[in-house]
Amino acid sequence: MGENLKTEEAAAFLQVKPATLEQWRWSGKGPLFVKLGRAVIYRKVDLDDFVSARVFGSTTEAQQAA
């Protein structure tokens, strides 16, 4: 089983504030997550996929994807 991270740890990995990650989760714009009761867990593999999907060769390419 891979590494699992809490919201604060996942936010640190992505270099964003926990509140930003929570907003992304609410709006459906962030990485996949697991909900276990009241706990929110981020799988490291999903965070890696989220980052990999945002690799661009230019700012123009990034703007077009947004």
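**Exercise 1. Two helices that meet**

Task: In this predicted model, decide how α1 and α2 are oriented relative to each other.

Solution:
- Start with the elements: α1 covers residues 7-14 and α2 covers residues 18-27.
- Next, look at the axes of α1 and α2, which come within 8 Å and cross at roughly 100°.
- Angles of 65 to 115 degrees count as roughly perpendicular, and α1 and α2 are therefore roughly perpendicular to each other.
- Now find who makes the contact. From α1 come Thr 7, Glu 8, Ala 10, Ala 11 and Leu 14, while α2 brings Pro 18, Leu 21, Glu 22, Trp 24 and Arg 25.
- Finally, sort these residues by character: 6 are nonpolar, 1 is polar and 3 are charged.

**Exercise 2. The loop between them**

Task: Find what is unusual about the phi of Gln 15, and say whether this residue is buried or exposed.

Solution:
- Locate Gln 15 first: it belongs to the loop that links α1 and α2.
- Recall a general rule: most residues other than glycine have a negative phi.
- Compare Gln 15, which is not a glycine and yet has a positive phi of about 60°.
- For the second part, exposed means over 50% relative accessible area. Gln 15 has 74% relative accessibility, so this residue counts as exposed.

**Exercise 3. Reading the sheet**

Task: Work out the order of the strands in the sheet, and explain why β1 and β2 each have a side without a neighbour.

Solution:
- List the elements from the N terminus on: they run β-α-α-β-β-α-α. That makes 4 helices and 3 strands.
- Order in the sheet is another matter. The 3 strands form an open sheet with the order β1-β3-β2 and antiparallel pairing.
- β1 (4-5) and β2 (34-36) stand at the edges with a single partner strand each, so one side of each has no neighbour in the sheet.
- Zoom in on one pair: β1 and β3 (residues 39-43) are joined in the antiparallel sense over 2 bridges. Here Leu 5 stands opposite Tyr 42 of β3.
- Then add a helix to the picture. α3 (residues 44-52) lies across β1 and β3, and runs at about 60° to β3.

**Exercise 4. Finding the core**

Task: Which residues make up the largest nonpolar core, and which element supplies the largest share of this core?

Solution:
- Collect the 9 residues: Leu 5, Ala 10, Ala 11, Leu 14, Leu 21, Val 40, Tyr 42, Leu 47 and Phe 50.
- Assign them to elements: α1, β3 and α3 each give at least two residues to this core.
- The largest share comes from α1, with 3 residues.
- Take Val 40 as a case study. Leaving aside neighbours within four places in sequence, Val 40 is in contact with Leu 5, Lys 6, Thr 7, Arg 25, Phe 33, Val 34 and Lys 35.

**Exercise 5. The whole chain**

Task: How many of the 66 residues, as a percentage, count as buried, and how far apart in space are Gly 2 and Ala 66?

Solution:
- Buried residues make up 20% of the 66.
- Gly 2 sits in the segment before β1. With 58% relative accessibility, Gly 2 counts as exposed.
- Gly 2 and Ala 66 are 64 residues apart in sequence, and their C-alpha atoms are 30 Å apart in space.
- For scale, the C-alpha atoms of the protein fill a box of roughly 40 × 25 × 15 Å along the principal axes.
- Last, consider contacts between residues at least 6 apart in sequence: 42% of them join residues at least 24 apart.

How values were computed: Residues numbered from 1 in each chain as written. Predicted model: local features only at pLDDT ≥ 70, side-chain atom pairs only at ≥ 80, totals over all residues. Heavy atoms only, no water. Pairing = 2+ DSSP bridges. Contact = heavy atoms within 4.5 Å. Axes fitted to C-alpha atoms, helices over the stretch in contact; angles between N-to-C directions. Parallel < 35°, antiparallel > 145°, perpendicular 65-115°, else oblique. Nonpolar A, V, L, I, M, F, W, Y, C, P; charged D, E, K, R; others polar. Buried < 20%, exposed > 50% of the residue type's maximum accessible area, 1.4 Å probe, protein only. Core = buried A, V, L, I, M, F, W, Y, C linked by side-chain atoms within 4.5 Å.
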